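Biologist: I'd like to learn how to read a protein model with DNA in it. Could you walk me through one, feature by feature?

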Amino acid sequence: MPELPEVETVRAGLERHVVGRTVAVVQVLHPRAVRRDPAGPAGFAAALAGRTLKRAERRGKYLWLTLDDDEALLAHLGMSGQLLVGDPDRPLSPHVRVWITFTDGSPDLRFTDQRTFGHLMMCSLRGDDRVVPEPIAHIAPDPVEAVFDPAVFAARLTRRRTGVKRALLDQSLISGVGNIYADEALWHARLHWARPTETLNRGEVSRLLDAVRGVLTEALKAGGTSFDSLYVNVTGESGYFDRSLQVYGRAGEPCSRCATPIRRDSFMNRSAYSCPRCQPRPRNAHW
DNA sequence: ATTATGTCCTGCCAGC
DNA sequence: TGCTGGCAGGACATAA
């Protein structure tokens with residue numbers, strides 16, 4: 001559930017606290033945390049030990065720490081992943097999956113992940129105009145990065161034959177948007193989540209993209225959204241954008257525009273929150 | 001090829 | 001009290 005604003009908050013924290021430092025010891029406490037790394041836990045740990053972290057970068061919900069011009073440590077937080085920087089003497093929580101110490105002593109870095117959907121891996125960097133980790137070459141640019149092209153997005157979106165929310169959640173079309181900000185952006189744009197993408201006109205696509213950028217930017221200013229202690233920055237603090245949420249998690253509460261109670265629908269074994277009046281269901285809804 | 005669905009995983013909580 | 005089932009859902013493998 002960490003989406004672009006939460007991941008960017010973590011990236012900025014890593015830039016501040018660990019970039020420039022050299023890794024001493026890497027301990028993989030749960031092999032699942034590095035399941036995507038072909039070298040396995042031991043290979044992963046050996047490859048990272050002794051390396052200096054150069055830059056902290058991000059695309060969508062992925063972030064990575066570059067080690068040199070063609071290699072990086074790639075991270076995805078999944079549902080509940082945290083990258084926590086702190087005093088090496090603090091107690092080891094039961095959900096710490098990877099423990100990284102540095103040659104200059106404190107603080108250390110702990111990849112903590114209750115639900116184990118997140119992962120870390122070593123990887124190579126590739127690209128021409130935008131260098132990204134090779135394993136995420138299929139992830140589309142996110143709407144706040146320079147190479148994001150609104151015209152390309154509009155063309156690809158309207159070529160789809162699916163519902164607009166499903167499209168927003170497809171990271172190979174536009175990255176960084178998850179269930180929370182998809183619902184929020186659709187409310188701002190006054191579009192129903194099941195609206196067929198091929199019926200969106202130019203103005204609606206423009207409104208949608210403005211709404212996506214708006215909610216992501218506002219959430220980033222607030223340090224991200226948090227419903228509980230799972231979504232935190234590198235020093236364990238929560239953001240407060242949840243106070244600004246208009247529909248997500250607010251079933252039954254009045255819409256702030258028209259006072260109609262917010263509706264919750266089941267969608268892809270998840271939830272879709274919307275205002276029945278501001279976002280009427282289209283006749284040709286695409287489930 | 002594109003689009004849809006199933007799967008992974010743990011903690012919490014309502015309901016019985 | 002203690003169990004069960006539902007829910008939270010990102011990204012990938014697999015199916016259609």
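Modeller: We'll go through the sheet, a hairpin, some ring pairs and then the DNA. Keep in mind from the start that this is a predicted model.

Biologist: Okay, strands first. How do I read a sheet?

Modeller: The general idea is that strands of a sheet pair through backbone hydrogen bonds, and the pairing can be parallel or antiparallel. Here, 5 strands make an open sheet, and going across it you meet β2-β3-β4-β8-β9, with antiparallel pairing. At the edges sit β2 (55-59) and β9 (132-133), and each of these pairs on one side only.

Biologist: Over how many bridges do β3 and β4 pair?

Modeller: Strand β3 (residues 62-68) and strand β4 (residues 71-76) are joined over 6 bridges, in the antiparallel sense. You can look for one of the partners yourself: Trp64 has Leu74 in β4 as its bridge partner.

Biologist: And the hairpin?

Modeller: That one is made by β10 and β11, with 2 residues between them. In its turn, Met268 has a positive phi of about 50 degrees. The two strands pair in the antiparallel sense over 5 bridges, and Phe267 stands opposite Arg270 in β11.

Biologist: Which side chains of β10 are buried, and which are not?

Modeller: They alternate along the strand. Arg263, Asp265 and Phe267 point to one face and are buried, whereas Arg264 and Ser266 point to the other face and are not.

Biologist: Now the rings. What do I look for when two aromatic side chains meet?

Modeller: Check the distance between the ring centres and the angle between the planes; an angle over 60 degrees counts as edge-to-face, and under 30 as stacked. This structure has 3 aromatic pairs. One of them joins Phe148 and Phe153, with 5.8 Å from centre to centre and 45 degrees between the planes, so it counts as tilted.

Biologist: Why do Phe148 and Phe153 count as buried?

Modeller: The cut-off for buried is under 20% relative accessible area. Phe148 counts as buried because its value is 8%, and Phe153 because its value is 4%.

Modeller: Another pair is Trp193 with Phe267, which is edge-to-face at 5.0 Å centre to centre and 65 degrees between the planes. This pair links distant parts of the chain, with the two residues 74 apart. Trp193 is in the loop between α5 (179-189) and α6 (202-221), while Phe267 belongs to strand β10 (residues 263-267). Both Trp193 and Phe267 are buried.

Biologist: Can a ring have a charged partner too?

Modeller: Look at Trp187: Arg257 lies over its face, 3.7 Å from the ring centre.

Biologist: How should I compare places in the chain with places in space?

Modeller: Take two residues, and read their separation in sequence beside their C-alpha distance. Asn284, in the segment after β11, is 90 residues from Ala194 in sequence, yet their C-alpha atoms are 8.5 Å apart. Asn284 counts as partly exposed because its relative accessibility is 45%. Now try Ile139, in the loop between β9 and α3 (150-159). Ile139 and Cys123 are 16 residues apart in sequence and 15 Å apart from C-alpha to C-alpha. Ile139 is buried, at 7% relative accessible area.

Biologist: On to the DNA. Which residues are the closest to DNA strand C?

Modeller: Strand C has 16 residues around it, and the closest are Tyr62, His76, Phe117, Tyr248 and Arg270. By class, the surface near this strand has 5 nonpolar, 6 polar and 5 charged residues. Of the strand C atoms within 4 Å of the protein, 62% belong to sugar or phosphate, and the rest to bases.

Biologist: What touches its phosphates?

Modeller: Among the contacts, a polar side-chain atom of His76 lies 2.3 Å from a phosphate oxygen of strand C. For His138, a side-chain N or O atom is 3.0 Å from a phosphate oxygen of that strand. Asn179 uses a backbone N or O atom instead, at 3.2 Å from a phosphate oxygen.

Biologist: And DNA strand B?

Modeller: The residues around strand B include Arg32, His95, Phe117 and His286. The surface near strand B has 1 nonpolar, 5 polar and 5 charged residues. Of its atoms within 4 Å of the protein, 71% belong to sugar or phosphate. A polar backbone atom of Arg161 is 2.7 Å from a phosphate oxygen of strand B, and a polar side-chain atom of Arg166 lies 3.3 Å from one.

Key: Residues numbered from 1 in each chain as written. Chains lettered and ligands numbered in written order. Predicted model: local features only at pLDDT ≥ 70, side-chain atom pairs only at ≥ 80, totals over all residues. Heavy atoms only, no water. Phe/Tyr/Trp six-rings, centres within 6.5 Å; stacked < 30°, edge-to-face > 60°. Buried < 20%, exposed > 50% of the residue type's maximum accessible area, 1.4 Å probe, protein only. Helix = DSSP H or I, 4+ residues; strand = E, 2+ residues; numbered from the N terminus. Lys NZ or Arg CZ within 6 Å of the ring centre and 35° of its normal. Near = heavy atom within 4 Å. Polar contact = N/O pair within 3.5 Å; in protein donor to acceptor, adjacent residues only side chain to side chain. Nonpolar A, V, L, I, M, F, W, Y, C, P; charged D, E, K, R; others polar. Pairing = 2+ DSSP bridges.
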